[in-house]
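Let's go through this model together, one question at a time. Each answer sets a value against its cut-off.

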Amino acid sequence: MEIFDLSMIWAMIIAFAVIMYVLMDGFDLGVGMLFPFAPDEDARDVMMNSVAPVWDGNETWLVLGGAGLLGAFPLVYSILLPALYIGVFLMLAGLIFRGVAFEFRFKAKSSRYLWNWAFAGGSFLAAFAQGVVVGSYIQGYETEGLAYAGGAFDWLTPFTVMTGIGLMAGYALLGCTWLIMKTEGYIQEWAYGLAPWLLGAVLAVFAIISIWTPSVDPAAFERWFAVIRWIWIFPVLALFFAFQVWSGLRKRKEVLPFIATMAMFASTYFGLLWTRWPYVIPPNFTLWDAASAPESQLFLLLGMLFVIPIILAYTAWTYWVFRGKVRVGEGYH
Amino acid sequence: MELDPLLLSRIQFAFVVSFHAIFPVFTIGLASFIAFLEALSFKTGNPVWERLSKFWVQVFAVVFAMGVVSGIVMSFQFGTNWSNYSYAAANFLGPMLSYEVITAFFLEAAFLGVLLFGRNRVPKGVHLFAACMVALGTFISAFWILAANSWMHTPAGVELRDGVFFVTSWTEAIFNPSFPYRFAHMAVASFLTGAFVVSGVSAWYLLRGREIEVNRKALSMCLWLILILAPTQAVIGDFHGINTLEHQPTKVAAMEGNWETASGVPLLLFAWPDQESQSNRFEIAIPKLASLILTHDLNGEVPGLNEVAAEEQPPVAIVFWGFRVMVGLGLLMIATAFTGLLLRHKQRYWQTPWFLQGLRLMSVTPFIAVLAGWIVTESGRAPWLVYGLMTHAQGVTPSLTGGMALFTLLGYILVYAMIFSAGLYYLMRVLQDGLEVPERVTELDDDVHRPARPFSGSDVSFEQKGS
C-alpha cells in the first residue's frame with residue numbers, strides 16, 4: 001500500500017460525507033428550527049413540503065459518516081460514540097421525533113400542534129447535539145489504551161454549549177436562505193426579514209468561538225499563529241461568503257444567499273479540519289493510528305468509488321425533479 | 001442495587017432491534033407489492049391498480065418513516081454500547097454496514113421521495129422505476145444486514161489476531177454458512193408479512209362492504225401468494241434448522257429442550273425447561289419425531305445441552321418457547337392458506353364472514369412469528385456475541401456505567417412508546433379512510449383541515465370506473 005495512502009483517501013471521503021451531511025441535513029434541520037416562528041399554519045405546510053421529498057436522503061449522509069467511520073477508522077467510532085454517549089442519545093431522540101413528524105403532522109388534526117413541536121424540538125435538539133460534538137472535538141477526549149476513559153458528561157462544557165448554539169444558528173441560516181429560494185409571497189418576505197438577524201447571530205458566535213478556541217486547545221493556537229500560516233485563508237473566505245450572503249439578501253437575490261451560506265459553512269469546516277489535522281481523536285490518535293486493516297479499507301473503497309458518483313447523480317436528479325417554488329397545497333398527503 | 005451495564009445493554013439492544021425489526025419486515029414485502037401494483041397499472045392502464053397503489057403507499061410512508069428513524073438508532077448503538085465489539089469486528093462489520101448505506105439506504109431514500117411526491121412530476125414509467133428502486137433497496141439492505149448478522153452466528157473468512165478480526169476471504173465471510181438460509185427465511189417472512197397485512201385489511205373492508213371490487217382483487221392476489229409462500233417457508237425453515245444443527249448445536253438443543261445427547265429423541269409439544277435442575281418439567285412428547293425432523297432418521301443422534309458447561313448455555317426456556325410460538329404461527333398460516341384454497345373452489349371466499357374475520361386476526365401473526373424467530377436465533381447464540389470467538393461480556397463498552405445504560409434504555413422506551421402509539425393511531429386513521437374518494441388529495445390541499453370524507457356516498461360510481 002505504499003503507492004497511495006489509503007487512510008488519507010479515507011479521511012477525505014469521511015470529511016466529504018460529513019460536509020455533505022452538514023450542508024444537506026443542515027438546511028432541513030434549519031427549516032425545522034424556524035417552524036415555531038412561521039407566520040401561519042399554511043406557511044408551515046409549505047416549509048415542511050419544501051424538504052419532505054429530500055430529507056430522508058439528506059439524513060442518510062449521517063449514517064454513511066457513522067458506518068464509514070466504523071469501516072475505515074474503527075478506533076474513532078469506538079472512542080467517539082462512548083464519549084458522546086448521552087449526547088448521541090439526545091441527537092437520535094431529536095431525529096426520531098423530527099423524522100416521524102413529516103408523516104404524522106399531515107395526518108393529524110387536533111394534535112397537529114404537537115407534531116409542530118416535535119418537528120421543531122427534534123430539530124433544535126439534533127442541531128444542538130451536533131454542535132456540541134464539534135466543540136468536544138476541539139476539546140479532545142480522555143483515553144486509556146484504545147478505549148474512552150472519561151466521564152459521561154465530559155462533552156458538556158461552556159465551550160461546547162457555545163458551539164452547539166453556533167451550529168443551531170448556522171443551520172437556521174441555511175434553512176432560512178433555503179426557504180428564500182424555495183418559497184414566494186409572504187413566506188419569502190418573512191424569510192428575507194429573518195435572514196439578516198440569523199447572519200448576525202452566526203457571525204457573533206463565530207467571533208466568540210474563534211477567540212475562545214486557543215484557550216481550550218493550545219495546539220490550535222500554535223497551528224494558527226506559528227506553524228501553518230496560510231490556514232488564514234479559511235476564515236477570510238468565510239467572511240467573504242458572509243458578505244455575499246448579506247449583499248445577496250440586500251439585492252433580493254433568491255439563490256445566492258443559500259449558495260453563499262453553504263460556502264461559508266464549507267470554509268469554516270475546512271478551517272476546523274485543518275486546525276486538527278491529522279488528529280482524529282485529539283489529542284492522542286492520528287488518522288493512521290485509527291485506521292482499519294488495509295484490506296478492509298480497499299474493499300470498501302472500490303465500492304465507494306463506483307457507487308458514490310451514482311448516488312450523487314440520482315440525488316441531483318431528485319432535487320431537479322422537485323425544483324422550483326413550493327406552493328401552498330402541494331404534497332401527496 | 002448494582003446496575004449491570006452488560007445486562008442493561010443487552011436488554012436495550014434487544015428492545016431497539018425488536019422494535020426496529022417489525023418495520024422493515026413489513027416494508028420489504030409492501031414495497032414489492034406496491035411496485036407490482038404500479039407495474040400492473042402501467043401495463044393495463046386499469047385505474048384499480050393505481051388506486052390500490054396510492055392507498056398502500058400512504059401506509060408504506062408511515063411505516064417506512066418509523067423504520068428509518070429506528071434504524072438510525074441501531075447504526076449508532078454498535079458504537080455507544082458495544083464499542084469493544086465494534087472495534088474488534090470493524091474490519092468486516094464496517095464494510096458491510098457501509099455497503100448497506102451506499103447501495104440501499106440512498107437508493108430507498110432518494111426514490112421514496114419520487115414515489116411519494118413525484119406522481120405528477122415525472123412520467124409514469126419513471127414513477128414505476130422509482131417504485132422498483134425502493135423495492136430493490138429494501139432487498140439490498142436485507143442482504144447486507146443479514147450477511148453481517150449471519151457472520152456473528154457462523155463466523156467464516158476471518159482470523160482473530162490480538163483481539164481483532166481480520167478478513168481473509170470476503171466471499172467466505174459474506175456468504176458464510178448460515179447466510180443463504182437466513183436470507184431466504186427472512187425474505188419469505190417479509191413477503192408473508194406484507195401479504196397477511198394486505199389480506200387482513202382487505203378482508204376488513206370486505207366485511208364492511210367497502211370498495212368490494214378493488215379489495216377483492218387485492219385479497220385474491222395475497223391469498224395466492226400466501227398459498228405458495230407459507231409451505232415454502234416451512235421447507236426453508238427445516239433447511240435452516242439442519243444448518244443450525246451443524247454449526248450451532250447448542251442452540252438446536254435449546255430449541256428442542258434436549259438436555260442429554262441421545263438418539264431417537266422425542267419432539268416436545270409442551271415442557272417447562274428448568275435451567276437450574278438441567279431438565280424439563282411436565283413433558284408432553286411425540287417419540288422419535290425430533291430425531292426424524294432434524295436428522296431425517298428415526299434413530300438419529302441429537303446433541304444435548306450437556307455438551308457445553310451450564311454457564312455457556314443460552315436461556316433455554318426463552319429459546320424453547322420462542323421456537324414453538326414461531327412454528328405454531330407458521331402452521332396456522334399454512335392452514336389459512338389451504339382454507340382459502342378450499343373456499344375458492346367451493347364458494348366465493350369473499351362472502352364467507354368467518355374466513356374474512358380470521359384473516360383480519362391473522363394480520364398480526366407474522367409480526368409475532370418474526371419477533372419470536374429473532375428471539376430464538378439471537379438468544380440461542382448467548383453467551384456468544386460472535387459464536388465461539390467473542391462473548392457479550394467482551395464486547396460491551398468499557399466506559400459504560402449502569403446508570404448511563406439505564407438512562408438511555410428508559411429514554412428509548414419512552415421515545416418509542418410515544419412514536420409507536422402515534423404511528424399505530426395514524427395507521428388506523430389511514431385504514432379507516434380507506435381507498436374511497438381518490439380526489440381526497442386535492443380536497444385536502446385546498447384546505448389544511450381535512451374534510452370528513454365528502455364523497456363517502458359515491459362508492460358506486462367509483463366501482464364502475466374501477467371495473
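Q: What makes the start of H1(B) a place with a polar contact, and which residues take part?

A: Happy to start there: a side-chain oxygen of B:Asp4 comes to within 3.0 Å of the backbone nitrogen of B:Leu6. A polar contact is a pair of N or O atoms within 3.5 Å; within protein, one must be able to donate a hydrogen and the other to accept it, and residues adjacent in sequence count only if both atoms are side-chain atoms. H1 itself, like every element here, is a DSSP run numbered from the N terminus (helices are H or I runs of at least four residues, strands E runs of at least two).

Q: What should I keep in mind about where these values come from?

A: This is a predicted model, in which local features need pLDDT of at least 70, side-chain atom pairs count only at pLDDT 80 or more, and totals for chains, interfaces and linings use all residues. Residues are numbered from 1 along each chain as its sequence is written, chains are lettered from A and ligands numbered from 1 in the order in which they are written, and side-chain values use heavy atoms, with hydrogens and water left out.

Q: How do you know what span to expect for H1 of chain B?

A: The expected span is 1.5 Å times one less than the number of residues. Helix H1 covers residues 5–44, 40 residues in all, and its 58 Å from first C-alpha to last is close to the 58 Å expected. Just after this helix, B:Gly45 has a positive phi of about 75°.

Q: Where is the predictor most and least confident among the elements of chain B?

A: The yardstick is pLDDT, the predictor's confidence in each residue, from 0 to 100. Helix H5 (residues 170–174) of chain B has the highest mean, 96, and helix H16 (residues 459–466) the lowest, 34. Over residues 438–467 of chain B the pLDDT is below 50, and this stretch has 43 contacts in the model beyond near neighbours in sequence (a contact means heavy atoms within 4.5 Å). Chain B as a whole has a mean pLDDT of 88, with 93% of its residues at 70 or more. For the complex, the predictor gives an ipTM of 0.91 and a pTM of 0.90.

Q: Why does the radius of gyration of chain B agree with a compact globule?

A: The radius is taken over C-alpha atoms, and the globule rule is 2.2 Å times the number of residues to the power 0.38. For 467 residues that gives a value near 23 Å, and chain B has 24 Å, so the two agree. Its C-alpha trace spans about 70 × 50 × 45 Å along the principal axes. Chain B has 16 helices and 8 strands. Of its contacts between residues at least 6 apart in sequence, 76% join residues at least 24 apart.

Q: Why is helix H4 of chain A described as largely enclosed?

A: Buried means under 20% relative accessible area, exposed over 50%, and partly exposed in between (1.4 Å probe, protein chains only). In H4(A), residues 74–83, 10 of the 10 residues are buried, so the rest of the structure largely encloses this helix. Among them are A:Pro74, A:Tyr77 and A:Ala83. In chain B, 58% of the 467 residues are buried.

Q: Why is B:Asn149 called buried?

A: B:Asn149 has a relative accessible area of 13%, so the residue counts as buried. B:Asn149 lies in helix H4 (residues 124–153) of chain B and touches B:Arg182, B:Trp374, B:Glu378 and B:Arg381, leaving aside residues up to four places away in sequence.

Q: Why is there no bond between B:Cys132 and B:Cys222?

A: A disulfide is a pair of cysteine sulfur atoms within 2.5 Å. The sulfur of B:Cys132 is 18 Å from the closest cysteine sulfur, in B:Cys222, so the distance is too far for a bond. The search of the whole structure finds 0 disulfides over all chains. B:Cys132 is partly exposed at 33% relative accessibility, whereas B:Cys222 is buried at 3%.

Q: What makes phi of B:Asp162 worth a look?

A: Phi of B:Asp162 is near 50°, a positive value in a residue other than glycine. B:Asp162 sits in the loop between strands S1 (158–161) and S2 (164–167) of chain B, and is exposed, with a relative accessible area of 80%.
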